[in-house]
Amino acid sequence: ALSRQYTLLHDDINLVSFENGKAQVEGVPFNPKNILRKKSIAPLGMICSLHKSPAVRLEQCSPAAFVKDIFPEVFLPLGVLDEDRNRAFLRMMDFLKRLSEQIPYYKLFFRKDPTFWEAIKTQEEEENGSNRKNIGDKG
């Protein structure tokens, strides 16, 4: 409800990968909540962990904090018949390290209203300039 005016890839789970050395995000194919979303792939501009708060703000965190905070949210990349958990774990940690070095990580403190989008847009404009399409742009 807080983001219905924007294009969503998915509101719960997204896939993150590297293509030509750049991080990108893609929605997953299942849609248990029947949200209106668009199947597409987009460049990943930032990663935010969500924290309810009376005031909207973004707090930039270190790459080490990213790995610590995001690690519990990542699925271990095991194939159906893959039994080499150690190798999969090392691949996952390497992926998180690489992602933490390329993509800024923030704690997003937000109210349950759409005002957090302005904080995200402002931060992205400060980091990247306003020449490219911003996160949260309509359409």
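**View 1. Asp84 and its salt bridge to Arg87.** In this predicted model, Asp84 has a relative accessible area of 35% and is therefore partly exposed. Its partner in a salt bridge is Arg87, and the closest N and O atoms of the pair are 3.8 Å apart. Arg87 is likewise assigned as partly exposed, because its relative accessibility is 48%.

**View 2. Lys97 and Glu101 in helix H2.** A salt bridge links Lys97 with Glu101, and 2.7 Å separates the closest N and O atoms. The two residues are four positions apart in helix H2, so about one helical turn lies between them. Lys97, at 46% relative accessibility, counts as partly exposed. Glu101 has a relative accessible area of 55% and is exposed, because the class begins over 50%.

**View 3. Lys68 and Asp69.** Lys68 forms a salt bridge with Asp69, with 3.5 Å between the closest N and O atoms. Lys68 counts as exposed, at 63% relative accessibility. Asp69 is partly exposed, with a relative accessible area of 23%. The salt bridge count for the model comes to five, including Lys68 with Asp69, Arg87 with Asp84 and Lys97 with Glu101.

**View 4. A nonpolar patch on the surface.** Four residues, Phe71, Leu76, Phe89 and Leu90, make up this patch. Together they have about 350 Å² of accessible area. Leu90 belongs to helix H2, which spans residues 85–102. Its relative accessible area is 60%, so Leu90 is classed as exposed. Helix H2 also holds Lys97 and Glu101, the salt bridge partners of View 2.

**View 5. A patch of negative charge on the surface.** Glu118, Glu125, Glu126 and Glu127 gather here. Glu126 is placed in helix H3, residues 116–128. With 59% relative accessibility, Glu126 counts as exposed.

**View 6. Ser49 and His51.** The side chains of Ser49 and His51 are joined by a polar contact of 2.9 Å. Ser49 is part of strand S4, which covers residues 47–52. Its relative accessibility is 15%, under the 20% limit, so Ser49 counts as buried. Over the whole chain of 139 residues, buried residues make up 29%.

**View 7. Lys112 and Lys52.** Lys112 sits in the loop between strand S6 (105–110) and H3. Its relative accessible area is 63%, and Lys112 is therefore exposed. Lys112 and Lys52 are 60 residues apart along the chain, while their C-alpha atoms are separated by 7.6 Å.

**View 8. The elements behind the close-ups.** The chain has three helices and six strands. Read from the N terminus, the order of elements is β-β-β-β-β-α-α-β-α. Among the elements shown above are strand S4 with Ser49, helix H2 with Leu90 and helix H3 with Glu126. Lys112 lies outside these elements, in the loop between strand S6 and H3.

Terms used. Residues numbered from 1 in each chain as written. Predicted model: local features only at pLDDT ≥ 70, side-chain atom pairs only at ≥ 80, totals over all residues. Heavy atoms only, no water. Patch = residues over 30% accessible without salt bridge, like charges linked within 9 Å, V, L, I, M, F, W, Y side chains within 5 Å. Areas by Shrake-Rupley, 256 points an atom, 1.4 Å probe, with all protein chains shown as cover. Salt bridge = Lys/Arg side-chain N within 4 Å of Asp/Glu carboxyl O. Lys, Arg positive; Asp, Glu negative; His and termini not counted. Charge placed at Lys NZ, Arg CZ, Asp CG, Glu CD. Buried < 20%, exposed > 50% of the residue type's maximum accessible area, 1.4 Å probe, protein only. Polar contact = N/O pair within 3.5 Å; in protein donor to acceptor, adjacent residues only side chain to side chain.
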